[in-house]
Amino acid sequence: MQGLDHRLSGVVRVAASETVASYFIMEAVRRVHAQHPDIRVLLSTSIQISNLTRREADLAIRNVKPDNPDLIQRHLTRKDVGLYASRSYLAKHGEPRPGTAFAGQALVTDPQAGLPGWADTFCGEPTGNGHGAIELNSGLMIIEAVAAGLGIGELPTHMAPDYPELVRIWPTRSEPYDLWLVMHGDLNRTARVRAVADAIVEVFETEK
């Protein structure tokens, strides 16, 4: 019955990382409210992947393409991460040398580094000789920590220009990542979910 719901009102639950929510989803919600003020978005920001088959969210933006046949996915964009440090950090510690695995350098990391599919590298450089200055489970806090001079981190290249104190290290090195919009197949024809999904797609297409 959810798939037959044509009402442009009610709650739509969206799951995304903090960085994606801040840079993309907020604008999508603004557009939804402008056109459909009776739709209320519940936005969950977490590094944990919401389970759409258990209805933990109606829509999710993920950086891994799901293989569950019950889920519908749409590729939104491909972005890159690069290596960054603050000017004050580099003045004190100097720039790392390629091939040294960040020897003598402080690193700003996140818990996903130890998960399957996540290599212990920063932009292809092993991190084994660096020491973890701080581990954060928030993308926005990782950027703030690097900008504050706590260490070197991998940051989305499209966000770094908003922090003028950041310096990109080894500019020729980057790692791509994809973002996918995912929903359960049962909700594809639910009007309020479709409206929010369309707004999210529109924001990403405009951003390109």
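Contact here means heavy atoms within 4.5 Å. I start with that cut-off, since the entries below use the word. I also note that the model is predicted.

**Entry 1: the whole chain**

I looked up the overall make-up. The secondary structure comes to four helices and 11 strands. The chain has 208 residues, and 44% of them count as buried. I then checked how far apart in sequence the contacts reach. Among contacts with a separation of 6 or more, 80% are between residues 24 or more positions apart. The accessible surface of the chain is about 10,900 Å², and carbon and sulfur atoms hold 49% of that surface.

**Entry 2: helices α1 and α3**

I turned to two helices that pack together. Two packed helices are described by the angle between their axes and the distance between the axes. I looked up both values for helix α1 (residues 18-35) and helix α3 (residues 139-147). The angle is about 95° and the axes are 6 Å apart. Angles of 65 to 115 degrees count as roughly perpendicular, and α1 and α3 are therefore roughly perpendicular to each other.

Which residues meet there? On the α1 side I found Glu 18, Thr 19 and Ser 22, and on the α3 side Gly 139, Leu 140 and Ile 143. I sorted the residues of this contact by type: two are nonpolar, three are polar and one is charged.

**Entry 3: the buried side of α3**

I stayed with α3 and asked which of its residues are buried. They are Ile 142, Ile 143, Ala 145, Val 146 and Ala 147. Ile 143 thus appears twice in my notes, once as buried and once in the contact with α1. The buried residues of α3 pack against α1 and also against strands β4 (71-86), β5, β8 (131-135), β9 (153-156) and β10. Just after α3 comes Gly 149, and its phi is positive, at about 90°.

**Entry 4: aromatic pairs**

I looked for paired rings and found three aromatic pairs in the structure. For Phe 24 and Phe 204, the ring centres are 4.3 Å apart and the planes are at 20°. Planes under 30 degrees apart count as stacked, so this pair is stacked. Phe 24 belongs to helix α1 and Phe 204 to helix α4 (residues 191-207), so the pair ties together parts that are 180 residues apart in sequence. I checked burial as well, and both Phe 24 and Phe 204 are buried.

Phe 102 and Trp 170 form another stacked pair, with 5.6 Å from centre to centre and 25° between the planes. Where do these two lie? Phe 102 is in the loop between α2 (87-93) and β5 (106-109), and Trp 170 is in the loop between β10 (166-169) and β11 (175-184), so this pair ties together parts that are 68 residues apart in sequence. Phe 102 has a relative accessible area of 0% and is buried. Trp 170, at 8% relative accessibility, counts as buried too. I also noted that Phe 102, Phe 122 and Trp 170 form one aromatic cluster.

**Entry 5: Arg 74**

Last, I looked up one residue of strand β4, Arg 74. Is Arg 74 buried, partly exposed or exposed? Its relative accessibility is 41%, so Arg 74 counts as partly exposed. Leaving out residues up to four places away in sequence, Arg 74 touches Leu 179, Trp 180, Leu 181, Val 201 and Glu 205. I also took down a distance to Met 183: Arg 74 and Met 183 are 109 residues apart in sequence, and their C-alpha atoms are 9.1 Å apart in space.

Conventions:
Residues are numbered from 1 along each chain as its sequence is written. This is a predicted model: local features need pLDDT of at least 70, side-chain atom pairs count only at pLDDT 80 or more; totals for chains, interfaces and linings use all residues. Side-chain values use heavy atoms; hydrogens and water are left out. Axes are lines fitted to C-alpha atoms, for helices over the stretch in contact, and angles run from 0 to 180 degrees between N-to-C directions. Helices (H or I, at least four residues) and strands (E, at least two) are DSSP runs, numbered from the N terminus. Angles under 35 degrees count as roughly parallel, over 145 as roughly antiparallel, 65 to 115 as roughly perpendicular and the rest as oblique. Ala, Val, Leu, Ile, Met, Phe, Trp, Tyr, Cys and Pro count as nonpolar, Asp, Glu, Lys and Arg as charged, and the others, Gly among them, as polar. Rings of Phe, Tyr and Trp (its six-membered ring) pair if their centres lie within 6.5 Å; planes under 30 degrees apart count as stacked, over 60 as edge-to-face and the rest as tilted. Buried means under 20% relative accessible area, exposed over 50%, partly exposed in between (1.4 Å probe, protein chains only). Accessible areas come from the Shrake-Rupley method with a 1.4 Å probe; for residues, only the protein chains shown count as cover.
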